[in-house]
Amino acid sequence: MTDLKDIDDAILIKPKDKNPLKDRDTECAGLFSDRDEAEALTQENAEAINALQDKLWAEGRRALLVVLQGIDTAGKDGTVRGVFNACGPLGVNVTAFGKPNEEELAHDYLWRVHRAVPKKGVIGVFNRSHYEDVLVVKVRELAPADAVEQRYEQINSFEQHLTENGVVVLKFMLHISKDEQRERLQDRLDKPHKHWKFNAGDLEDRKLWDDFQKAYETMLERCSTKHAPWRVVPADKKWRRNAIISSVVRGTLEDMAPDYPKADWNPDDFKIQ
Ligand code: ADP
């Protein structure tokens, strides 16, 4: 069994860590070496997360925001399915951030993000996030470089604001190798039932692999803070990825220790006829 400290020793980015992606393993075979055990643990974690979410909702004082970032095919959707599969639809809100629409572009880039932050009692999951505004926007030069440059600190302040207002923020970068991405893209071409997932635009982004990795590295260097650190998850193996993320989510909720509120009335005072 791998405990949380061992996981964090391998994946947590400390504030001001330099070159956090350099030589970072996308496999990490030492973390959860047995697939069956990892899958059983993920299921156990998913059920524990569901039970904790129920208390979080009943307590109604705090929220948990889980940010998932990764290049195409990194496994963001699969993580949502694997980690939150036991939670009822009432307690978990998943928001996918695609290309901003006209209304969103007419506002500042954090507007749509702040609106999607989970309310008290809820777990919110961001499938892509405000970090696209320093990733794809930077690589594809969709905003002026000096505006992007200001965003790292703006994002840090925004997340600090959230954490000071009862939202615990967990951030996971799903880290896969270039070879693994090739296999996953090829799989989408080879299997007719996966054709719907194939997007020719993903091949364009793949050509910019090094630029994206560099943008991710800068993001990790500048936005891994004490209040909202980044974790880089080795994601070449889906089962290891799910075991890691579900363990961190469960551990975080256990540390938050939500509890059912005590009633300020006596059940004996009521009689149901
Ligand atoms: P996914 O690839 O996550 O399954 P989509 O096919 O809808 O989902 O792709 C979302 C696309 O939106 C990605 O290419 C991503 O780079 C892009 N995107 C997300 N946020 C922004 C943003 N703020 N500005 C420009 N493009 C963005």
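Colleague: In this predicted model, what joins the side chains of Arg-231 and Asp-8?

Modeller: A salt bridge is recognised when a side-chain nitrogen of Lys or Arg lies within 4 Å of a carboxyl oxygen of Asp or Glu. The side chains of Arg-231 and Asp-8 form such a bridge, with an N to O distance of 2.7 Å. This pair links distant parts of the chain, as Arg-231 belongs to strand β5 (residues 230–234) and Asp-8 to helix α1 (residues 4–11), 223 residues apart.

Colleague: Is Arg-231 buried or exposed?

Modeller: A residue counts as buried under 20% relative accessible area. Arg-231 has 9% relative accessibility and is therefore buried.

Colleague: Which residue meets Arg-151 in a salt bridge, and where do the two partners lie?

Modeller: Arg-151 pairs with Asp-133 at 3.8 Å, N to O. Here too distant parts of the chain are linked: Arg-151 lies in helix α7 (residues 145–163), and Asp-133 in the loop between β3 (123–127) and α6 (136–139), 18 residues apart. Arg-151 is buried, at 12% relative accessible area, and Asp-133 is buried, at 8%.

Colleague: How many residues apart are Asp-179 and Arg-182 in helix α8?

Modeller: They are three residues apart, about one turn of helix α8 (residues 178–190). Their side chains meet in a salt bridge of 3.3 Å, N to O. Asp-179 is partly exposed at 48% relative accessibility, and Arg-182 is partly exposed at 46%.

Colleague: How many salt bridges does the structure hold, and which residues are linked with Glu-27 in a network?

Modeller: The structure holds 23 salt bridges. Glu-27 is linked with Lys-237 and Arg-240 in a network of salt bridges.

Technical notes:
Residues are numbered from 1 along each chain as its sequence is written. This is a predicted model: local features need pLDDT of at least 70, side-chain atom pairs count only at pLDDT 80 or more; totals for chains, interfaces and linings use all residues. Side-chain values use heavy atoms; hydrogens and water are left out. Helices (H or I, at least four residues) and strands (E, at least two) are DSSP runs, numbered from the N terminus. Buried means under 20% relative accessible area, exposed over 50%, partly exposed in between (1.4 Å probe, protein chains only).
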